[in-house]
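Trainee: I am new to this structure and would like a close look at a single part of it. Could you walk me through the salt bridges and the core beside them?

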Amino acid sequence: MPVAVPPLPSSTVSSNVISGNEGNGVLIEGGGNHNLNLNIIGLDANGTAAKGNGADGVFIGEESSGNELRFNTISANANNGVLIRGDDNAVEASEIGTSSVGSTTTGTNGNDLGNGKAGVFVGGPGFADGG
């Protein structure tokens with residue numbers, strides 16, 4: 001099930017597996033100062049096999065700022081791992097496009113864990129969505 005962070009002044013989303021959704025894994029529109037920590041986004045619970053979301057792993061809209069993503073694993077999503085439209089957002093100490101242990105491939109057939117477009121794409125509404 002996708003996570004839609006409400007437009008509140010702040011919230012925390014921590015220690016979840018957010019994978020296999022039709023659209024974005026996490027959607028943040030409005031509000032700000034949200035923290036996403038220690039989540040596995042786009043992979044299975046072990047953080048080793050692709051189970052990507054159908055759009056971006058994390059989408060931060062232009063009306064949301066001051067959000068921090070730390071210590072997440074964000075891989076195998078159809079579009080960008082993280083798409084940031086708003087100002088003053090940070091992505092730190094996260095594994096993007098790899099397994100939770102840093103491998104870019106996994107499984108017996110060596111499936112690629114990269115995101116479909118950019119790992120992290122930063123741009124306002126006039127920009128294309130990565131790629």
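Mentor: Happy to; here is the overall picture, followed by the salt bridges and the core.

This is a predicted model, in which local features need pLDDT of at least 70, side-chain atom pairs count only at pLDDT 80 or more, and totals for chains, interfaces and linings use all residues. Residues are numbered from 1 along each chain as its sequence is written, and side-chain values use heavy atoms, with hydrogens and water left out.

The protein chain has zero helices and 15 strands (DSSP runs numbered from the N terminus: H or I of at least four residues for helices, E of at least two for strands). Its C-alpha trace spans about 45 × 30 × 25 Å along the principal axes. Buried residues make up 43% of the 131 residues; buried means under 20% relative accessible area, exposed over 50%, and partly exposed in between, using a 1.4 Å probe and protein chains only.

Now to the salt bridges. A search of the whole structure finds two, each being a side-chain nitrogen of Lys or Arg within 4 Å of a carboxyl oxygen of Asp or Glu. In one, Glu-68 pairs with Arg-70, and their closest N and O atoms are 2.8 Å apart. In the other, Glu-92 pairs with Arg-70, with 2.6 Å between the closest N and O atoms. This second pair links distant parts of the chain: Glu-92 lies in strand E11 (residues 90–92) and Arg-70 in strand E8 (residues 68–70), 22 residues apart. Glu-68, Arg-70 and Glu-92 are thus linked in a network of salt bridges. As for their surroundings, Glu-68 is partly exposed at 26% relative accessible area, Arg-70 is partly exposed at 27%, and Glu-92 is partly exposed at 37%.

Next, the core. The largest nonpolar core has 13 residues, and Val-26, Leu-36, Val-58 and Leu-69 touch the most other members. Such a core is a set of buried Ala, Val, Leu, Ile, Met, Phe, Trp, Tyr and Cys residues joined through side-chain atoms within 4.5 Å. Strands E4 (26–28), E7 (58–60) and E10 (82–84) each supply at least two residues of this core. In soluble globular proteins, nonpolar side chains tend to be buried together.

Leu-69 brings the two topics together. Leaving aside residues up to four places away in sequence, Leu-69 touches residues including Leu-36, Val-58, Ile-60 and Val-82, and also Glu-92, where contact means heavy atoms within 4.5 Å. Glu-92 is also the salt-bridge partner of Arg-70.
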